[in-house]
Amino acid sequence: MQLNWRAISGPALTIVTALVAFLVDRHFVPVPNPAPLFVCIVALAASVSGIVSGMASAAIAVASSALFFLNHRAAPGYDMSDLARMLLLAVTAGGTALITGLLRQKWVDAFAWDKKHHATADRLSAALDQVDIGIVLLDADTRAEFINRAFRDYFALSDEQADSKPPFIALMYHGRDTGAWQLPEDELSAFIAKRTEMIRTGDSTPININLADGQVLRFICTALPDGGRMLSYTPVTDLVRHSDDPDSADYYRALRGSYRSLAHHLGAAE
């Protein structure tokens with residue numbers, strides 16, 4: 001059977017300390033009452049291995065102090081002051097072991113819960129990366145805490161950009177700069193302003209977003225209890241595009257191209 005060195009380290013240290021105190025006191029110089037040192041060892045034992053180790057160390061400390069007091073008396077037995085000091089040590093050491101052990105257990109439980117929580121979050125993130133629905137989680141300041149793989153693919157967002165926790169408005173400007181939306185240039189500013197206002201107010205009204213590559217995403221904003229937002233982009237191309245004018249995509253792309261050409265010429269003229 002494998003020994004639990006952490007569990008026996010506290011009691012062992014208490015015994016070693018008591019033996020050293022006895023030897024030094026008998027053969028070298030008088031040693032004052034080691035009770036304060038015993039209490040420190042009890043606290044260390046309980047913090048390292050829990051209540052059981054701390055209580056065992058406390059019991060050894062009280063027994064060692066009883067022998068230490070007896071060794072310092074000219075007559076056999078104990079007087080009331082000795083008994084009072086041993087009782088005080090027993091209460092102090094036992095209380096220290098109990099309180100420190102409970103605090104240690106609380107810390108261990110909190111650490112285990114935190115580890116389990118992070119493991120669950122990692123599994124959830126991995127699962128959300130497998131779906132074809134774009135998911136973005138925003139905090140109360142509208143910064144992206146999580147962006148799944150589908151959203152990154154829909155809007156050509158690099159991993160570096162996504163992992164930098166960009167604000168929502170930066171995601172909108174990225175979509176504008178990459179020509180992600182099937183909109184003429186003169187409507188983009190109003191589109192971005194409307195979407196930003198929806199996020200700010202937590203408006204959950206579904207809207208369809210036409211992408212330049214022909215896909216249609218149904219966007220929904222969900223307000224979260226902590227003040228954040230969950231944005232979902234569900235592909236509904238097959239449900240919507242069958243009723244669209246097949247020439248509309250070419251029309252919007254032509255408008256965007258004409259606008260860019262006009263802006264280029266104006267810039268050159270200036």
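The overall composition, helical segments, paired strands and nonpolar cores of the structure are described below.

The model is predicted. It comprises ten helices and five strands, and 34% of its 270 residues count as buried. The accessible surface of the protein amounts to about 16300 Å², with carbon and sulfur atoms accounting for 64% of that area. When contacts between residues at least 6 apart in sequence are considered, 53% are found to join residues at least 24 apart.

Helix 1 covers residues 5-27, a run of 23 residues. At 1.5 Å a residue, a span of 33 Å is expected for this helix, and the distance of 31 Å between its end C-alpha atoms therefore agrees with expectation. The buried positions of helix 1 are G10, P11, T14, T17, A18, A21 and D25. Two of these residues, A21 and D25, are in contact with F68, a residue of helix 3 (residues 51-71). The C-alpha atoms of F68 and D25 lie 9.3 Å apart, although 43 residues separate the two in sequence. Neighbours within four places in sequence being set aside, the contacts of F68 also include F22, V31, P32, N33 and P34. The relative accessible area of F68 is 3%, and because the cut-off for burial is under 20%, F68 is classed as buried.

Helix 4 spans residues 80-128 and contains T100. With a relative accessible area of 18%, T100 falls under the 20% cut-off and is therefore also counted as buried. A polar atom of the T100 side chain is placed 2.7 Å from the backbone oxygen of T96. Beyond residues up to four places away in sequence, T100 touches A43, A46 and S47.

The strands include two antiparallel hairpins. In the hairpin of strand 1 and strand 2, five residues lie between the strands, and T142 adopts a positive phi near 60°. The antiparallel pairing of strand 1 with strand 2 extends over three bridges, and L137 is positioned opposite F146 in strand 2. Strand 3 and strand 4 likewise form a hairpin with five residues between them, where G214 in the turn has a positive phi of about 100°. Strand 3 pairs with strand 4 (residues 216-223) in the antiparallel sense over four bridges, and N210 stands opposite V216. Side chains alternate along strand 3 (residues 207-210): the face bearing I207 and I209 has these residues buried, whereas N208 and N210 point to the other face and are not buried.

In soluble globular proteins, nonpolar side chains tend to be buried together. The largest nonpolar core of the present model contains 29 residues, among which V136, F155, W181, F219, L231 and Y233 touch the most other members. At least two residues of this core are supplied by each of strand 1 (134-138), strand 2 (144-147), helix 5 (149-154), helix 7 (168-177), helix 8 (185-201), strand 3, strand 4 and strand 5 (229-235). The greatest contribution to this core comes from helix 8, which provides five residues. With residues up to four places away in sequence excluded, F155 touches H174, T178, A180, W181, L211, L217 and Y233. A second core, separate from the first, consists of seven residues, including V39, A58, A93 and A97.

Methods:
Residues numbered from 1 in each chain as written. Predicted model: local features only at pLDDT ≥ 70, side-chain atom pairs only at ≥ 80, totals over all residues. Heavy atoms only, no water. Buried < 20%, exposed > 50% of the residue type's maximum accessible area, 1.4 Å probe, protein only. Contact = heavy atoms within 4.5 Å. Areas by Shrake-Rupley, 256 points an atom, 1.4 Å probe, with all protein chains shown as cover. Expected span 1.5 Å × (residues − 1). Pairing = 2+ DSSP bridges. Polar contact = N/O pair within 3.5 Å; in protein donor to acceptor, adjacent residues only side chain to side chain. Core = buried A, V, L, I, M, F, W, Y, C linked by side-chain atoms within 4.5 Å.
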